[in-house]
Amino acid sequence: MNKKLTINDIAKMSGVAKSTVSRYLNGGSVRPATGQKIKKIIEENNYEPNVFARLKAKESRVIGLTVPGFDSVTTPRLVEVIVEYLKKTIIHR
């Protein structure tokens, strides 16, 4: 079983600080050449950020939704509509 890649691993592989990788992942300012190195490593290793690690950040971009159950005809559609709305208004701002 392969170990999941971490921000620290990406930093070591790209020769930059962990904070630089974090800044890149959060859309902050990074030199273009550095960004390309980080992006290449992320793509080659299919890196996916850890959701639980993001919850510790000031802004996690995680929204919880409690529904009575998916056995209703309307609940799944309602969740779909909420997700689409959030994608358009909050996530892609």
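This report covers the helix packing and two individual residues of a predicted model.

**Overall make-up**

The protein has five helices and zero strands. Along the sequence the pattern reads α-α-α-α-α. The protein has 93 residues, and 20% of them count as buried. It exposes about 7,700 Å². Carbon and sulfur atoms supply 56% of that area. Among contacts with a separation of 6 or more, 33% join residues 24 or more positions apart.

**Packing of helices 1, 2 and 3**

Helix 1 spans residues 7–14 and helix 3 spans residues 32–44. Helix 2 covers residues 18–25. The table gives the geometry of each pair.

| Pair | Angle between axes | Axis separation |
|---|---|---|
| Helix 1 and helix 2 | about 110° | 8 Å |
| Helix 1 and helix 3 | about 125° | 10 Å |
| Helix 2 and helix 3 | roughly 80° | within 10 Å |

*Helix 1 with helix 2.* These two helices pack at about 110°. Helix 1 is therefore roughly perpendicular to helix 2. The crossing of helix 1 past helix 2 is right-handed. On the helix 1 side, the contact uses Ile7, Asn8, Ile10, Ala11 and Ser14. Their partners in helix 2 are Lys18, Val21, Ser22 and Leu25. By class, this contact has five nonpolar, three polar and one charged residues.

*Helix 1 with helix 3.* Here the angle is about 125°. That value makes helix 1 oblique to helix 3, because the range for roughly perpendicular ends at 115 degrees. Helix 1 also passes helix 3 in a right-handed crossing. Ile10, Met13 and Ser14 are the helix 1 residues in this contact. They meet Lys37, Ile38, Ile41 and Ile42 of helix 3. The residues of this contact divide into five nonpolar, one polar and one charged.

*Helix 2 with helix 3.* The axes of this pair cross at roughly 80°. The two helices are therefore roughly perpendicular to each other. Helix 2 brings Thr20, Val21, Tyr24 and Leu25 to the contact. Helix 3 brings Thr34, Gly35, Ile38, Lys39 and Ile42. The split by class is five nonpolar, three polar and one charged.

Some residues serve two of these contacts. Ile10 and Ser14 of helix 1 meet helix 2 and also meet helix 3. Val21 and Leu25 of helix 2 meet helix 1 and take part in the contact with helix 3. Ile38 and Ile42 of helix 3 meet helix 1 and belong to the contact with helix 2.

**Asp9**

Asp9 lies in helix 1. Is this residue buried or exposed? Its relative accessibility is 16%, so Asp9 counts as buried. The cut-off for buried is under 20%. With neighbours within four places in sequence set aside, Asp9 is in contact with Lys3 and Lys4.

**Asn46**

Asn46 sits in the loop between helix 3 and helix 4, and helix 4 runs over 51–54. The phi of Asn46 is near 50°. That is a positive value in a residue other than glycine. Most residues other than glycine have a negative phi. Asn46 has 63% relative accessibility and therefore counts as exposed. The cut-off for exposed is over 50%.

How values were computed
Residues numbered from 1 in each chain as written. Predicted model: local features only at pLDDT ≥ 70, side-chain atom pairs only at ≥ 80, totals over all residues. Heavy atoms only, no water. Axes fitted to C-alpha atoms, helices over the stretch in contact; angles between N-to-C directions. Helix = DSSP H or I, 4+ residues; strand = E, 2+ residues; numbered from the N terminus. Parallel < 35°, antiparallel > 145°, perpendicular 65-115°, else oblique. Left-handed = near helix turned anticlockwise from the far one by under 90°. Contact = heavy atoms within 4.5 Å. Nonpolar A, V, L, I, M, F, W, Y, C, P; charged D, E, K, R; others polar. Buried < 20%, exposed > 50% of the residue type's maximum accessible area, 1.4 Å probe, protein only. Areas by Shrake-Rupley, 256 points an atom, 1.4 Å probe, with all protein chains shown as cover.
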